[in-house]
There are 2 protein chains.
Amino acid sequence: MPLPDLAPAPALDLTADVTTLTAAVCDIESVSRGEAALADAVEAALAPLAHLEVVRDGNTVVARTNLGRAERVVLAGHIDTVPLTAVPNLPTRREGDELWGRGTVDMKGGVAVMLRIAAQATEPARDLTFLFYECEEIDGEFNGLARVGATRPELLQGDFAVLLEPTDGAVEGGCKGTMRVDVTTTGVASHSARPWKGHNAIHDAAVVLSRLAAYEARTVTVDGLDYHEALQAVGISGGIAGNVVPDRCTVTVNYRYAPDKDTAAALAHVQEVFDGFETTLGDAADGARPGLHLPAAKAFVDALGVSVGPKEGWTDVARFSALGVPAVNYGPGDPNLAHMDDERCPVQQYVDAEAALLRWLR
Amino acid sequence: MPLPDLAPAPALDLTADVTTLTAAVCDIESVSRGEAALADAVEAALAPLAHLEVVRDGNTVVARTNLGRAERVVLAGHIDTVPLTAVPNLPTRREGDELWGRGTVDMKGGVAVMLRIAAQATEPARDLTFLFYECEEIDGEFNGLARVGATRPELLQGDFAVLLEPTDGAVEGGCKGTMRVDVTTTGVASHSARPWKGHNAIHDAAVVLSRLAAYEARTVTVDGLDYHEALQAVGISGGIAGNVVPDRCTVTVNYRYAPDKDTAAALAHVQEVFDGFETTLGDAADGARPGLHLPAAKAFVDALGVSVGPKEGWTDVARFSALGVPAVNYGPGDPNLAHMDDERCPVQQYVDAEAALLRWLR
């Protein structure tokens with residue numbers, strides 16, 4: 001008897017309603033680095049659509065109209081999820097007005113909305129690019145958006161991008177940047193029974209922590225949105241042994257800065273705060289301006305008629321920003337439920353997001 | 001052809017001068033837990049001496065006179081050393097007026113002085129106990145003095161003890177106690193892009209460190225000696241991840257306290273300093289009063305005619321103190337050279353120590 005073939009992923013029916021399609025997308029499990037089956041299903045669903053050019057790159061799928069419109073808009077969403085819960089929170093289940101399960105918030109509702117629009121918007125007012133990408137939930141080196149942006153940037157070009165990450169149905173513009181900086185104090189080691197022969201570096205860190213505790217973070221308005229900056233210790237370490245006055249203490253601080261600053265300006269501010277101490281830049285990722293003054297963005301906000309605020313966390317909109325494409329976050333689902341065991345979303349949010357985006361794009 | 005026997009350690013000649021004997025004791029390598037050969041040699045050298053009762057316990061050797069004197073004095077020294085340097089600093093070598101090599105300071109000069117006195121003081125004014133013990137340089141669970149003190153305390157009884165640890169030829173009385181206490185701050189974790197939803201425990205540690213930096217340690221006079229207390233951070237840790245406001249920070253402090261206090265009194269002081277914070281006692285070892293007002297101790301100081309100061313570090317005199325035996329440190333060698341790659345001692349210090357102790361004991 002021959003061995004059975006591995007079951008292929010079920011086909012995605014883009015004519016089904018968006019809630020049914022979201023459930024189908026969620027039920028093709030795609031924890032980061034395991035997106036092949038879902039990428040296959042997305043590619044297979046889009047390939048027959050005559051108005052779209054479909055390109056596969058790894059487990060990332062790009063689909064584009066080429067209608068010669070004056071503007072091009074990019075809709076983007078990652079197709080991976082964080083791991084399932086111990087008792088797997090898949091397949092999805094419907095409870096009352098909500099869809100429960102991994103991906104229902106982050107962000108297969110957005111993926112389903114993109115697929116629905118790709119199928120319906122055959123004659124859009126603006127050319128459209130749909131990016132379904134892999135590995136957003138893990139280390140940036142695997143990120144499909146980053147890879148395609150580096151190797152085939154022409155596929156991602158556009159005048160404006162919408163990232164369909166969950167925003168609870170609001171528009172969140174741009175994002176703050178983030179950097180980690182080590183602030184180090186140095187002393188002189190000695191036996192802790194005779195500390196007057198040394199100098200305690202941990203005691204010196206009192207000044208570093210006092211400056212952090214007293215720090216008043218700025219609120220910076222960029223393109224009409226208020227970004228709340230933050231400067232926080234996220235780690236501290238020091239000490240050699242239980243009987244030694246330590247000669248070194250390192251406070252790792254995380255600076256979240258408004259998108260009016262680049263890495264150099266942000267680092268200069270941190271160095272000013274910790275004047276007199278040794279600072280070492282760890283990693284940094286600049287934020288993204290919301291670009292809400294641009295025509296495509298204005299039209300987007302007007303068409304949606306939803307509230308507009310700043311994105312406080314760093315998201316992949318910054319990768320679009322680095323490619324010269326202004327971007328906002330807008331998608332169904334409460335971000336506070338992302339990654340949670342009880343991940344779930346009111347299905348009306350899927351319906352509303354699809355309708356709002358179609359209003360804008362048709 | 002039979003396998004060769006392991007070469008026995010060379011015999012120790014107790015009639016040789018103290019410098020020659022020190023070199024011979026050093027040259028029988030005895031890194032902690034490898035003291036068998038040296039313990040064998042010590043036992044073999046003492047066994048023929050008719051005025052001494054010799055007891056072997058593991059690699060610890062006890063030798064005692066039983067002359068019915070009114071007082072009994074204990075001379076004690078460990079026979080182990082820290083490991084040798086990468087290019088071994090044995091065998092010893094003589095350079096000018098100094099003997100170089102592992103153990104020349106810590107503390108085989110003291111061991112040689114004890115062996116010389118054991119051989120010469122056949123009719124001492126006070127009964128004598130000589131304790132040659134293993135494993136002082138490593139974790140206390142292996143310490144030969146601690147073991148014999150627990151299992152055969154009668155072997156260590158006396159009116160006064162001298163520990164021949166290196167003191168550069170001065171008398172150092174008693175020792176300070178030491179305890180470690182964790183001082184912990186607690187907060188509320190949140191994403192570091194939205195820190196206003198959490199509370200940063202590392203920032204709260206600013207107050208803990210500021211109290212340490214401002215702390216003015218007391219100098220406490222006990223039995224005529226001034227002990228300099230100290231309260232130092234010896235470790236600090238906190239932080240969950242680079243993008244999380246930490247909910248916990250722990251500062252490990254080391255309190256070195258004068259021998260007028262026991263564990264409870266010392267802990268109460270630490271808790272008073274860190275009032276308002278959670279404190280957890282780690283380990284604690286009380287110090288030892290110098291007991292220099294006692295007749296045997298007075299006679300000792302008078303006979304030696306050397307300077308008398310407090311011992312700032314914790315030493316095994318505290319183990320004698322716990323057995324009810326007042327104790328001081330007195331021995332050849334500069335303690336700052338103990339454990340160093342260039343460990344070395346002026347040979348005159350061996351000669352002086354032997355002569356001073358014989359003046360007192362005869």
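Which residues of chain A does UniProt give as "domain: Peptidase M20 dimerisation"? In the UniProt record, an unreviewed entry, that feature sits at residues 176-274 of chain A. UniProt positions are in the numbering used here, feature names are shortened, and annotations may be inferred rather than shown by experiment.

Quick housekeeping. This is a predicted model, where local features need pLDDT of at least 70, side-chain atom pairs count only at pLDDT 80 or more, and totals for chains, interfaces and linings use all residues. Residues are numbered from 1 along each chain as its sequence is written, chains are lettered from A and ligands numbered from 1 in the order in which they are written, and side-chain values use heavy atoms, with hydrogens and water left out.

Okay, back to that stretch. Residues 176-274 of chain A come out at 25% helix and 41% strand, with the end C-alpha atoms 21 Å apart. Helices (H or I, at least four residues) and strands (E, at least two) are DSSP runs, numbered from the N terminus.

Now the two copies. A turn of 179° and a shift of 0.1 Å along the axis lay chain A on chain B with an RMSD of 0.1 Å, which means a two-fold axis relates them. The fit is least squares on the C-alpha atoms of residues with pLDDT of at least 70 in both. Both copies use the same surface, as 100% of the contact residues of chain A recur in chain B.

So what does the interface look like? There are 42 residues of chain A in contact with 42 residues of chain B, contact being heavy atoms within 4.5 Å. About 2,900 Å² is buried between chain A and chain B, and carbon and sulfur atoms give 60% of that; buried area is the accessible area (1.4 Å probe) lost on putting the two parts together, summed over both. A:His203, A:Gln232 and A:Ile236 supply 20% of what chain A buries against chain B, more than any other three residues.

How many salt bridges does the rule find across the interface of chain A and chain B? Zero, taking a salt bridge as a side-chain nitrogen of Lys or Arg within 4 Å of a carboxyl oxygen of Asp or Glu.

On the chain A side, α5 (201-214), β13 (230-238), β14 (244-245) and β15 (248-257) each supply at least two residues, and β13(A) has the largest share, nine residues.

Over all chains, though, the structure holds 42 salt bridges. One to click on is A:Arg56 with A:Glu43, 2.7 Å from N to O. That pair joins strand β1 (residues 53-57) to helix α2 (residues 36-46) of chain A, 13 residues apart.
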